[in-house]
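This report describes one part of a protein structure for a reader who is new to the subject. Please consult the sequence and the model while reading.

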Amino acid sequence: MKKTVFLLLLSSSLTCFSQEIALLKYSGGGDWYANPTSLPNLIKYCNSNINTKIKSKPRTVDPSSPDLFSYPFVHMTGHGNVVFNESDVTNLRKYLLAGGFLHIDDNYGMDQYIRKEIKKLFPNDNLIEIPSNHPIFQKPFVFANGLPKIHEHDGKRPQAFGIFIENKLVLLYTYECDLGDGWEDPEVNNDPLEVREKALKMGANIINYIFSN
């Protein structure tokens with residue numbers, strides 16, 4: 001009973017704040033700070049195209065910080081090692097069970113590390129590939145084939161994996177896609193406009209899913 005009340009309080013706290021999102025500053029040596037223009041560009045796109053009112057500058061938050069509960073959406077990216085300590089795991093799990101959302105975007109090279117850390121968070125749950133008919137691919141922009149391919153690395157298809165709690169997606173892991181690179185300023189990766197548009201639209205779908213659920 002106490003646990004249920006606690007989780008309800010945590011969940012309600014997430015809805016009391018103005019729209020604000022954050023970048024996860026994790027340990028382990030990986031470049032958590034990669035793609036510095038990504039989130040500001042995604043915020044600008046969402047505010048202009050899907051009627052959000054997200055603060056223009058994203059925050060930075062540690063996984064063990066109580067401030068984590070101030071943000072309905074937390075983004076995580078990088079190329080290398082990731083380590084969640086016991087305090088990180090406990091706080092992140094509580095955050096996700098309380099209604100928070102974590103988007104992990106493999107910027108190429110993170111996969112071998114992040115999967116074991118996700119297992120720490122949810123030892124009894126497996127990452128499930130998200131089908132293309134899931135609402136996150138349907139609105140406001142339709143991605144009939146699921147996650148778009150933004151950058152090529154190993155010739156593998158892009159995949160979206162998730163952890164679902166009571167049928168609700170709480171953790172999204174985008175692999176072999178590089179959404180964050182597509183959100184960057186145009187001159188960073190010299191992506192064509194149509195590629196950046198695909199990335200930003202998919203990002204807007206993620207944001208829409210969070211704020212409408």
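## A strand and its surroundings

Strand E3, helix H3 (residues 86-97) and strand E4 form a right-handed β-α-β unit. A crossover is right-handed if, with the strands pointing away from the viewer, the path from the first strand over the helix to the second runs clockwise. Helices (H or I, at least four residues) and strands (E, at least two) are DSSP runs, numbered from the N terminus. The model is predicted: local features need pLDDT of at least 70 and side-chain atom pairs count only at pLDDT 80 or more, while totals for chains, interfaces and linings use all residues. Residues are numbered from 1 along each chain as its sequence is written, and side-chain values use heavy atoms, with hydrogens and water left out.

Two strands pair if DSSP finds at least two bridges between them. The pairings of E3 are as follows.

| Partner of E3 | Sense | Bridges | Residues opposite each other |
|---|---|---|---|
| E1 (residues 21-24) | parallel | 3 bridges | leucine 23 and histidine 75 |
| E4 (residues 102-106) | parallel | 5 bridges | histidine 75 and histidine 103 |

Why is strand E3 (residues 73-78) largely enclosed by the rest of the structure? The reason is that 6 of its 6 residues are buried, where buried means under 20% relative accessible area, exposed over 50% and partly exposed in between (1.4 Å probe, protein chains only). In a regular strand the side chains alternate between the two faces of the sheet. In E3 both faces are covered, with Phe73, His75 and Thr77 buried on one side and Val74, Met76 and Gly78 buried on the other.
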